[in-house]
Amino acid sequence: MAARVTTNQSSINDDSELTTNDPEHQTNVSSKKRLSSSSNMLATSSLISPTGLTSLISFIVLTCAYISGFMSRLFSVIRFESIIHEFDPWFNYRSTAYMTENGFYNFLNWFDELAWYPLGRIVGGTIYPGLMVTSGVIHWFLHMINIPIHIREICVFLAPFFSGLTALATYLFTKELWSRRAGLFAAAFIAIAPGYSSRSVAGSYDNEGIAIFALMFTYFLWIRSVKTGSVFWSSCTALSYFYMVSAWGGYVFIINLIPVHVFVLIVLRRYSLRLYVSYSIFYILGLILSMQIPFVGFQPVRTSEHMLAAGVFALLQAYAFIDYLYTKIPRAADIKQLFFGLIMIVGLIVFAAVVVLTYAGYIAPWSGRFYSLWDTNYAKIHIPIIASVSEHQPTTWTSFFFDLHLLICLFPVGAWFCIKELTDERVFIVLYAVFASYFAGVMIRLMLTLTPCVCVLAAIALSKTLDYYADTETSDMSTSPVVPTNDGDGEDTESDKNNRNLYDKAGKPKPIPGRRGTPGTNPEAEEDTSIVSSNIKTVVVICIAMMLMLFAVHCTWVTSNAYSSPSIVLASYNNDGSRYIIDDFREAYYWLRKNTPERARVMSWWDYGYQIAGMGNRTVLVDNNTWNNSHIALVGKAMSSNETEAYKIMTMLDVDYVLVIFGGMIGYSGDDINKFLWMVRIAEGEHPKDIREQDYFTENGEFRVDRTGSPILLNCLMYKLCYYRFGELQTDFRSPPGFDRTRHVEIGNKNFDLQHVEEAYTTEHWIVRIYKVKKLANRLQAKNALRQVQRRKSIYSTTKKVAGQARKQGVILNKPQIKKGTKVSKRKT
Amino acid sequence: MARLFIFAVGLLLFASAWSSSLNVDGSSKRLLVLLDNLGLRESHSFYFKQLKDRGFDITFKTSDDSSLQIVKYGEYLYDHVIVFAPSTKEFGGRLDADILTQFVDAGGNVLVAGSNTVGDVIREFASECGIEFADDKSAVVDHLNYDLSDDGQHTLIVASPSNLLSSELIVGQAKKNNLPFLFRGTGMSSDPENPLLLDVLTASSTSYTANPDEKTLSEYPATVGKRTLLISVLQARNNARVGFVGSLDFFSNDFFLSAVQPNNGKKSDKSGNQDLAVALTDWLFKQRGVLRSRNIHHYLKSDKSTPRFYTVKNDIVFNVQFDEFVHGKWMPFNGTDVQLEFVRIDPFVRTALTNKGGQLEARFRVPDTYGIFKFVIDYNRVGYSHLYSATQVSVHPLLHTEYERFITSAYPYYISTFSMMAGAFLLSFLVLYHRDDLPKKKAE
C-alpha cells in the first residue's frame, strides 16, 4: 500500500480511510483522536509532575526564544534611536500614520499626491494593507486601554514582536512535523537566525516582518488540516492565508507550494479524503478571501501565478470522483489501467485548458518578476528595473553561511531524515526545502523564505541526533534504539524526555513490528548503540552544544553588525574606537522640509522616493514602488543626458529640486554614481535612441569617472550634480583635489559651471546634494564667442570698479566739444 | 476652498511675475534718458516732447555723469531707461551694463539707440539681450533704396513699411500709413532661433552692413539683406521690454519732419519715423499690449463648489478674468483666442475659453484619468505680454463607495450566487433528513 513507508500509526489511519471510505470516517478519525488524547490524559493524570515539568520547560524555552528573538533585534534602537529604517519602511510608516489619523476607509481611498508626480498613486489599491492594519489595531488597542503610545514606536517594534510570534509558529509547525523537542530547537533557531533577523530588526517596518509569521502559521495550520482532515483546521488555514495575502506579495509562494504538495501526494499515491477535504476547503475559502484584498483583486483567477492552485483543485476533484467510482464499480481492480488513464487525461485537459486560456488572453502570462526566478539573466536583459535592486541579485554561497551558519550544514541532514521517514506532512517540508533553496539561490531576498525551513529541518536533524546522543541512560540500560520510536510518534507529539522513558518501557515490543517497513535504519542504529559508549556520547553532546554556542555568537554578531544599521544614519569608527555618526540623509530631508515650498517637486533616483516623501514631506517623481517603468526611465534619462536635454525633461515634469546622493567625499559606496549604470540601462530600455549604455563606458569597456572616462559620462547631469565644485576640494593631504574616495580616482571633469540648475544645499559630508532647477533664462544672450570673451573681461573690470571707485566719470568715444551757441552737428565717422 | 483659491492666485502670481520688483503695467512713468551729448535734447526735442505729453516724468543725464545711478538702496529710481548714448564706452557713476541687465531682469524697460560708433558698454548690454551690433564705423548701406539727400555713401537708407512687423500693438498706425522710414546707422544681427526677439523693422534685401568708407568690401559684411535688423525688440520672459534701434537719428527732429525721396520711388511728404518711434516707445514702456489675469475660479458644474480635489469624470467650470492695459487703465480684454489646457505632462483637455467681457470661461469634463493636473493658460501673442498661469489640482479615482452598486450585466452572477445558496441549503436539508432511510433500505 502507499502508506507502507510511513510509521505504524499513520499507516493504520491511511488504510482505514483508503479502504473503508464510509461516511463515518470523520467521526472515526476524531474518535481515534479522542481516544489517544484521553489516553494521554490518563498518562498525565497519573504522572502529573513530569508532564508538568515538560510543559514548564517548553514554556520557559519558548518564552526565552521569544524574548531573545525580541531582544536580539533591538541593537539598532540601542545604538541609534527608535527610527524607521531604510526605504520601504518609510512608506509603510507614512501610510500607517495616515491610517491612524484618517481611519481605515480614508486610507483605503487614499490618493497619494506626494508620490509619482504627476501621476499620483492610489495607495489603497496598490499595497498589501496587512502591515498597516496590524499596527493600527495594536495602536487602537493600546489607546483603548489608555496607553498613549505613538504609532512610530509600534511600527519600530512590530517586527521584533512578530519575530517572537514566528518562533512560536515555527515551534507549532515543527512539533506537528516531528516532535516537541525539535519544535523547541526550531523556535530557538528562528528566533535568532540572521537570515530572518535581517528583515525584522527593530525599525525595519516592512511586510516581511509580519509575513514570515503568517507564512509559518499558515503552514502549521495546513499541516494540521492535512493530518486531521478537519474542516475547522482547513478553514483556519484559509483565514491565516488571508492574513498572509493581506501582508505580503510572497503569498504566491504559499498558493503554489500547497498545490504542489497536494499534487505530489497524489502522485505518490498518498491521496486521502483528509487531503481532499482540507485542500478543497482551503482553496475555495482562500481564493474568495484573497480576492478581498484590493491589490490582489482578480489576480487569483486571472494570472498564471495562481493557475497551479486552480489546476490542482480541478485535478483533485476529478481524482476524488474517479476514486469514488473505483470503489463503487465492482471488479474495478481489473480495469485499473483505465482509471489511471482517466486521471492522466483529466490532468492533461486541465493543463491544456490553462494553456489555451493563457493564449486566449483570459489568463495573464507569467509576470517578468516571475520569469526572472527561472532565468536569472532574464531580468538583466528585459527588465533592468528589477535587476537593479540589490536584493534581487543572485545569492552568493557565502551569504548562505553568513545568514544561516550551522543550520545550513544541518539542513540537508534534516531533509534526509524527513525523506527517510516520509509522511504526508513531511512531503510538505521536503518540497518546501527544495523550492525555497532554489529561490534563495536565485534571489538574495528570498533567503528569507528559506530561513524558516532551514531552521525546522536543522532542528529536526539536531533533535534526532541529540535524542540519541544525549540520552546516556537509555543506551546504558537497553540496547533497543530509542530514537526511531520517538520519531514515529511525531504525530502524537507527546514525546518528551520523561514521558519517553515511560513510553519506551511500555511500548518496547512495539518498535519491532513497527520497524518492519524501514529495515534500513534498524541495523544501523543497533550497530551504533553497540559501538558508541556513553563517554563518546557525552563528547558529541558537548561538541554540539559548543557549535550551538558558536551559532548563537555568530547570530548575535551578524545581527548587530550587518543588519542593525538603519541605513539612513551611518556610523563610522574613529581611530580611537569612538563612534562617529553621519546623519546627512536626515539633515538633507529636514532641509527640504523646512526650506522648500510646500508643493515643491523633488527629482531623485527612485531609491530615495519614500524617504523624501516620508521625512521631507515633499512631492517626488518616482519612488520605491516601481510600478511605472517609463516614468522611472524618464528620470533615468534626465540623469544620464546632458544638462540641456535634462532640463527639457525636468521642465516637462515640473521639477523644482534635484537630489543626488554622492559618496565620493567620505567614501560611501551606495551612492548614485555607483547606481548610475542602472539608470542608464533603465533609460535605454525606454529611450534606446537617446541613451546608449555603450556611450558611458571607456573604450576599454570600463566605467570610469576619471580623465579617461567617456565624455558623455563626464558631461551628463548626474556626473555634474555629483561633482559640482568637487574639483576644488581636497579631501586628503596625500591626494589631489577632486579625488573621489569611493572610486579612488581623481575625477576627470573639474571646474565646470551649471547652466540650468544651481546648488541649493549640500550636507555636511556631501552625501546628499540638492540642486534647484532654475527657471528659463529671462533673456537669451547672443551666441558670438568673441563677444562672450569681451563680456567676461568687462565683468572683471566692473567688479573692480564697484569695489574701488563708485563715483567715476564715464567714457564717451569721440566726445564732441560743445561750443555754446552752435548746434551740435551729427557726428561723422 | 478659500485656501485653494488663495493658493491658486499665489501660484499664478508666482508663475506670471517671478522676479518683478518693478511695475508690471505702464502706470508708473519715471523715465531716465541717457545722452552722450546734451545737444540731443534739442536735436530730438520732438520725440521727447511726445513722451512728455504722454505723461512720462523724464530725467536727462549724460551717460558719463559721475552721479549716475538707477538703483538706490535696492529700489529702482526709474521704470524706464532710454539710452541715446551709442558711443558710451563706460557709463559714469554706479551704472554699467550689468546693472542695466539686472534692471531688465527686474522688469525695467529700456530703449537703446545705436549709431555708427557703438561703445563697449552698449554692445555688452545688447549682447546680454541677444543682439549684436555691427562693428564700429560700419553702417547699413543700400545702393538701391536710399534717400536722395544722401551724401553719396548710400547710408541714409529708406526702409520700406513692407519690412515692418505687422503687429499694430507694437508699430501702431505706422504700417497702415504706409510711409517709408529714414534710417542712418548701424545694422544689428541676432540669433534667428531666439524666441524672445521680434524683428520690428528689417532692411531691404539689397542692403548690407559694412564700412562705407572702404571702397571695396574686404570681408563678408556683418549683416546681409533682410537679416539686417534696423529695429529689434526683446520681450524678456518677465515681460520686460527692451528695444534696439540701429540709428539714433531715427528719432531726430530732422528725420521726423523731412520728406522722403527714395531714389527709385515716389516721394512722400513725411517720413513714418515719428509714428513708428512713438508707437514703439509706447509699446516698450508698457503703455500698450499688457495683459493680466486674475480671479481664477474653478468649481463643479453641479453645485458650484470647489472641492479639495476633483474626481474623474466630473464636469467642471473654469473661469478667469483677463484685463488689458489700455490708455493708462485696466480694461476688460476682448481676445477670443485664449485656450485652456488641462495638463498632466501632456494636455488631456485643450479648449477655447469663451470671452464674456473679459470674463473667460470654459466648461469641460475631467478625463477618466487620475493624477495631478494643472489648469494651464499659456497666452503668448505677438505684441501682448506673455501670460502664463498654472493652477494645480488633483484628480482622484472613485471612492470605494462611488462605484456602481448593482450592475445589470452582473445579474447572472447574483442569480447564480443565490441559487447556489438555496441549492446548498436544500441539499444539506435533504442529506440531513433522508440519510437514515437509505442504510435501512440497503440493509433490507
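How many residue pairs are in polar contact between chain A and chain B, counting pairs with both residues at pLDDT 80 or more? In this predicted model, the count is 14.

**Stop 1: the whole interface.** Select the residues of each chain that touch the other. The selection should hold 48 residues from chain A and 65 residues from chain B. Between the two chains about 5300 Å² is buried, and carbon and sulfur atoms give 51% of that area.

**Stop 2: the salt bridges.** Three salt bridges cross the interface of chain A and chain B. For one of them, select D654(A) and K374(B) and show the side chains. The closest N and O atoms of this pair lie 2.6 Å apart.

**Stop 3: the chain A side.** Now hide chain B and colour chain A by element. Three elements of chain A each give two or more residues to the side that touches chain B: α6 (104-108), α38 (785-803) and β12 (811-812). Stay on α38(A), which supplies the largest share of that side, seven residues. Colouring the chain A side that touches chain B by residue class gives 21 nonpolar, twelve polar and 15 charged residues.

**Stop 4: the strands across the interface.** Bring chain B back and select β12(A) together with β6(B), residues 88-90. Which way do these two strands run relative to each other, parallel or antiparallel? The strands β12(A) and β6(B) are antiparallel, and two bridges join them. To look at one residue pair here, centre on V811(A); its bridge partner in β6(B) is E90(B).

Definitions and conventions: Residues numbered from 1 in each chain as written. Chains lettered and ligands numbered in written order. Predicted model: local features only at pLDDT ≥ 70, side-chain atom pairs only at ≥ 80, totals over all residues. Heavy atoms only, no water. Contact = heavy atoms within 4.5 Å. Buried area = accessible area lost by both parts, 1.4 Å probe. Salt bridge = Lys/Arg side-chain N within 4 Å of Asp/Glu carboxyl O. Polar contact = N/O pair within 3.5 Å; in protein donor to acceptor, adjacent residues only side chain to side chain. Helix = DSSP H or I, 4+ residues; strand = E, 2+ residues; numbered from the N terminus. Nonpolar A, V, L, I, M, F, W, Y, C, P; charged D, E, K, R; others polar. Pairing = 2+ DSSP bridges.
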